[in-house]
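Me: I'm new to this one and would like a close look at a single part of it. Could you take me through some loops and their backbone quirks?

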Amino acid sequence: MPTAPEEFQPVKSAGRTLDLLELLADQPRSWALGDLARALGIPKSSLHGLLRTLTSRGWVQTDDTGTRFRLGLRALRVGAAYLDGDDRVGLLGSVLDELSRRFGEAVHLGRLDGDQVVYLAKRESVHRLRLYSAIGRRLPAHATALGKALLAGHPEQTVDTLLTWPLPRLTPHTVCDRDALHAALADVRATGHAVDREENAEGIVCFAMAVPLSSPAVDAVSISVPVSRLRPEIEASIVAALREMIGGLTQARSMVVA
């Protein structure tokens, strides 16, 4: 008789290490030991030993007093290696460059990760008034054009499972109602592109299209424009450019590793 596979038992110390690193990455500031212990639910004595180990390896660094902690330089090595080894990021670099050249606005490549979108690459706006962003930044998927473009590739039941309800409201314009969000995603499926009208940041409108390198898509490209610079003809040009440059990438699926 075949034996049942053993139930997976996470390694406690490894889990604590990852929880610590993810907290330092999600909230990049200087932390006191007590604040970290409370945030993570780890006894100070155990956390102190963990921090000393990570500090000695460069994953965590301290201030001059040795009492406050933040993410260390070694973490950059892993993040950079992830991007360097990702075929999609390399393949889409020229697309981001061309969209940036045409419009002079902020261009982003984002990837769906659970109920969030993570920025993998960006091209800065040439204007002084611009959207703040950073590679590695995470945003709620329902509040961004990138996220909605990717959520629309899933059936409603899967979307409900992916998202964490109730949905956080980032601005007065964020769509948080379940039925309203599903209606918005239906519009994305009908038009082929998503729009975020000040739902993530007030004063910023964003247009996005999923990259058809997998099914469902895991990546999307967006262009963000301040309301003060957005005119109907610019909006139409952006949507047309996304369709031209992103919609035709289906044939490039064989060039990327799943």
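Is Glu198 buried, partly exposed or exposed?

Reply: Keep in mind that this is a predicted model. Glu198 is partly exposed, because its relative accessible area is 22% and the partly exposed class runs between 20% and 50%. You'll find Glu198 in the loop between strand 7 (194-197) and strand 8. Its backbone has a quirk too: Glu198 isn't a glycine, yet its phi is positive, at about 60°. For background, most residues other than glycine have a negative phi, and most peptide bonds are trans.

That brings us to a couple of peptide bonds. Going from Ser215 to Pro216, the bond is cis, with omega near 0°. Pro216 sits in the loop between strand 8 (204-210) and strand 9 (219-226). Another cis bond runs from Trp165 to Pro166, this time with omega near -5°. For that one, look in the loop between helix 7 (156-162) and helix 8 (178-191), where Pro166 is placed.

Now hop to Arg229, in the loop between strand 9 and helix 9 (232-245). Arg229 counts as buried because its relative accessibility is 18%, and buried means under 20%. What does it touch? Leaving aside residues up to four places away in sequence, Arg229 is in contact with Glu105, Ser125, His127, Leu129 and Ile234. With Glu105 there's also a polar contact: the side chains of Arg229 and Glu105 are joined at 2.8 Å.

Conventions
Residues are numbered from 1 along each chain as its sequence is written. This is a predicted model: local features need pLDDT of at least 70, side-chain atom pairs count only at pLDDT 80 or more; totals for chains, interfaces and linings use all residues. Side-chain values use heavy atoms; hydrogens and water are left out. Helices (H or I, at least four residues) and strands (E, at least two) are DSSP runs, numbered from the N terminus. Buried means under 20% relative accessible area, exposed over 50%, partly exposed in between (1.4 Å probe, protein chains only). A polar contact is a pair of N or O atoms within 3.5 Å; within protein, one must be able to donate a hydrogen and the other to accept it, and residues adjacent in sequence count only if both atoms are side-chain atoms. Contact means heavy atoms within 4.5 Å.
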